Amino acid sequence: MTDLREAPIGVAVIGGGPAGLSAGLQLVRANRRIAILDSNRPRHSATLQSHGFLTRDGAPPLELRRIGREEFEAYPTATFAQAVTREVVPLSRDEALAVGFPDGLGFRVRGTGIRGSADVEFIARRVLVAAGLTEELPPLPMIRAYYGTALHSCVECDGFEKTDKPLALIGETSDLFGRALLISRFSSDLVVFTNGADTVRPEQEAQLSAIGIRVERRPIDDIVGERAEMTGVRLADGEVIPRVGGFVRPRWHAPIEFMGAADLERDEWGLIVVDERGETSVRGVYAVGDIVPPGPQQLIIAAGNGARVAAKLNMDMIRGALGVGMVDE
Ligand SMILES: Cc1cc2nc3c(=O)[nH]c(=O)nc-3n(C[C@H](O)[C@H](O)[C@H](O)COP(=O)(O)OP(=O)(O)OC[C@H]3O[C@@H](n4cnc5c(N)ncnc54)[C@H](O)[C@@H]3O)c2cc1C
């Protein structure tokens, strides 16, 4: 059964991670009616502790989300729907004006309820896409078993705990060199595994070699370990290189099938291109968090950018209502 929330709202926020929750909080505090639709699949669910969020260093990621949701829902104009967004359809100008949207811009947002929640439908003046990213790890049979414990993807988030350990960096993308430099701050015992991909240029390999970092270009067979502890990386030829943990560079995908025919501009990594206010190439649709360039960063950055884009959205709606143009001067 669909829970029809026909009363028009200000913004439908897709995604209840730090970016979406932070934007939602700012917008309800601006007296806006806001709905957050969240499918409860945060990318960092593989991990037990989140690091580096001021006042919450070491807190479980799910705890951060729980507190964020409670703070948002404490406001009378907040709605939090446990739902997977299925569809975002632009209203025609006449439809938008008819529901009271003064600038003739609006969207119908439909979601399928999860965990026993009803399906939802909202009519919103603006849409904020804060859906994070899904990630694809290199296809090694046991890699998931060590991801979030021995192997991580965010060097800034989890480098400290790996100080002075024998580490691996595994990836097949052209940014491996920069990541290796960053990891060298934490451990000089680092092997970069390209899994057969030609992604570290010879001059980069020479620079890494000069600081004691080896590049291993042979294909990988699997990650090996004893009980829950990672002990090494096994190459396709059978050799095992002892490593106790490290970093992996997943490939990321922006999950925005719900935008349907609306053709949001993407960059070369597939991330959603936004202007300096956070608006996408589709008027009225904004995006924030890991899903926009430069891609995955940290919880506190996602939350900070959520607050920044919320302020721009609020001003856009004020200006749209008054017909005074878009530029914040
Ligand atoms: C293993 C791991 C460990 C990490 N550790 C740290 C750390 O220690 N410290 C740190 O600062 N950062 C850490 N990060 C990075 C941090 O998790 C991200 O930068 C941050 O969560 C990004 O926030 P976000 O709101 O953009 O996206 P997310 O937190 O991914 O939230 C996106 C939300 O959108 C929802 N969603 C997606 N599609 C839909 C849809 N169609 N309908 C409704 N909802 C949808 C998802 O279910 C999810 O809840 C880690 C990341 C990973 C993968």
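Reader: Which helices and strands each supply at least two residues of the shell around the ligand?

Author: Helices (H or I, at least four residues) and strands (E, at least two) are DSSP runs, numbered from the N terminus. Here α1 (18-28), β2 (34-38), β3 (78-90), α5 (155-158) and α8 (299-322) each supply at least two shell residues. This is a predicted model: local features need pLDDT of at least 70, side-chain atom pairs count only at pLDDT 80 or more, and totals for chains, interfaces and linings use all residues. Residues are numbered from 1 along each chain as its sequence is written.

Reader: Which residues come nearest to the ligand?

Author: A residue is near a molecule if its C-beta atom, placed from the backbone, lies within 6 Å of it. Of the 42 residues around the ligand, Gly15, Gly17, Gly132, Cys157 and Gly289 come nearest.

Reader: Where does the ligand shell lie with respect to the domains?

Author: Domain bounds come from an automatic or database domain assignment. Both domain 1 (7-134 + 251-322) and domain 2 (138-248) give residues to the shell around the ligand, so it lies between them.

Reader: How do I read the sheet with β11, β12 and β13?

Author: Strands of a sheet pair through backbone hydrogen bonds, either parallel or antiparallel. In this open sheet the order is β11-β12-β13, with antiparallel pairing (two strands pair if DSSP finds at least two bridges between them). β11 (220-226) and β13 (240-242) are the edge strands, each pairing on one side only. Strand β12 (residues 229-235) is joined to β13 by 3 bridges, and Val233 stands opposite Ile241 in β13.
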